[in-house]
Amino acid sequence: MSRYRYEPDTGLIFWAEGTQKAGQQTLKSVNTRGYLHGRFNGEFKMAHWVAWYLYHGHWPKGIDHINGNIKDNRIENLREAGPSTNNKNTALRKDNKSGQAGVYQSPTGSWKTKIIVDGVVEYLGTYQNLDDAIDARIEAQLKYNFSPRHGVSQ
């Protein structure tokens with residue numbers, strides 16, 4: 001009998017009946033990156049990993065939050081995914097200055113653009129106009145099947 005109960009529709013994890021804390025939510029602490037985590041069978045684990053384990057019965061190789069909300073651990077929002085798939089679904093970094101992932105300004109004032117696919121950096125060019133650089137990056141995202149929410153502000 002598991003000591004934990006996962007609700008796939010809410011994404012929440014509770015202590016199961018028969019435990020000292022039955023009915024209380026667990027794995028609800030937030031780490032420095034914003035993920036829910038806590039102790040699971042005596043070890044610190046990420047809540048989305050535990051949710052996957054409790055629902056599917058096995059530990060995933062990696063997990064992606066489909067909608068980008070890292071606190072949304074509903075099973076419909078979790079998919080088993082490696083680093084490459086996960087990278088294609090990341091939000092825009094908070095320190096981004098161009099408004100588009102993979103587009104940055106060089107010291108000379110021109111705009112450079114790149115994309116990382118399967119761990120390999122592909123430089124897409126240097127542009128005098130920001131809009132041209134953004135267009136090049138968006139075209140590459142489509143070519144490599146990036147998620148439509150990739151590079152979108154949270």
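Let's start out on the surface, with Asp 118: its relative accessibility is 57%, so this residue counts as exposed. Asp 118 sits in the loop that connects β10 with β11 (120–127). Its backbone is worth a look too, since phi is near 50°, a positive value in a residue other than glycine. For context, most residues other than glycine have a negative phi.

Keep in mind as you click around that this is a predicted model. How confident is the predictor in it? The mean pLDDT of the protein is 93, and 99% of its residues reach 70 or more. By element, α1 has the highest confidence, at a mean of 98, while α2 has the lowest, at 85. As a rule of thumb, coordinates should not be read in detail where pLDDT is low.

There's another positive phi to visit, at Leu 27. This one is also near 50°, and again the residue is not a glycine. Leu 27 belongs to the loop between β3 (25–26) and β4 (29–30). Is Leu 27 buried or exposed? With a relative accessibility of 4%, Leu 27 counts as buried, because the cut-off for that class is under 20%. So the loop residue Leu 27 is buried at 4%, whereas the loop residue Asp 118 is exposed at 57%.

Now for the aromatics. Searching the whole structure turns up six aromatic pairs. Take Phe 40 and Tyr 53 to begin with: their ring centres are 6.0 Å apart and their planes make an angle of 75°, so this pair is edge-to-face. Phe 40 is in strand β5 (residues 36–40) and Tyr 53 is in helix α1, so the contact ties together parts that are 13 residues apart in sequence. As for solvent, Phe 40 is buried at 3% relative accessibility, and Tyr 53 is partly exposed at 28%.

Tyr 53 has a second ring partner in Trp 59. Here the centres are 4.3 Å apart and the planes are at 15°, so the geometry is stacked. Trp 59 is partly exposed, with a relative accessible area of 35%. Tyr 53 therefore takes part in an edge-to-face pair with Phe 40 and in a stacked pair with Trp 59. Zoom out a little and you'll find that Phe 40, Tyr 53 and Trp 59 belong to one aromatic cluster that also includes Tyr 4 and Trp 15.

On to the charges. Over the whole structure, the search finds six salt bridges. One of them links Lys 45 to Glu 43, with the closest N and O atoms 3.6 Å apart. Both ends are partly exposed: Lys 45 has a relative accessibility of 25%, and Glu 43 has 47%.

Two further bridges meet at Arg 74. In the bridge to Asp 72, the closest N and O atoms are 2.7 Å apart, and in the bridge to Glu 76 that distance is 2.3 Å. Which residues do these shared partners join? Asp 72, Arg 74 and Glu 76 make up one network of salt bridges. Accessibility changes along the network: Asp 72 is buried, with a relative accessible area of 11%, Arg 74 is partly exposed at 23%, and Glu 76 counts as exposed at 58%.

Finally, let's look at the largest pocket. How much space lies in it? The answer is about 1200 Å³. Its lining is made up of 37 residues, and Asn 87, Thr 90, Ala 91, Leu 92 and Arg 93 are the ones nearest its centre. Sorted by class, the lining has 14 nonpolar and 14 polar residues, along with nine charged ones.

If you'd like to trace the walls by secondary structure, there are five elements that each supply at least two lining residues: the helices α1 (47–56) and α2 (83–87), plus the strands β7 (63–65), β9 (103–105) and β10 (111–117). Of these, β10 gives the largest share of the lining, with four residues. Some of these names have come up already. Helix α1 carries Tyr 53 of the aromatic pair with Phe 40, and β10 runs up to the loop where Asp 118 has its place. One reading note on the pocket walls: α2, which supplies at least two lining residues, is where confidence in the protein is lowest, at a mean of 85.

Key:
Residues numbered from 1 in each chain as written. Predicted model: local features only at pLDDT ≥ 70, side-chain atom pairs only at ≥ 80, totals over all residues. Heavy atoms only, no water. 1 Å grid on protein atoms, 1.4 Å probe; cavity = no way out; pocket = protein on both sides within 12 Å on 5 of 7 lines; lining within 4 Å. Points joined across faces, edges and corners; volume = space filled by probe spheres on them. Nonpolar A, V, L, I, M, F, W, Y, C, P; charged D, E, K, R; others polar. pLDDT = per-residue confidence, 0-100. Salt bridge = Lys/Arg side-chain N within 4 Å of Asp/Glu carboxyl O. Buried < 20%, exposed > 50% of the residue type's maximum accessible area, 1.4 Å probe, protein only. Phe/Tyr/Trp six-rings, centres within 6.5 Å; stacked < 30°, edge-to-face > 60°.
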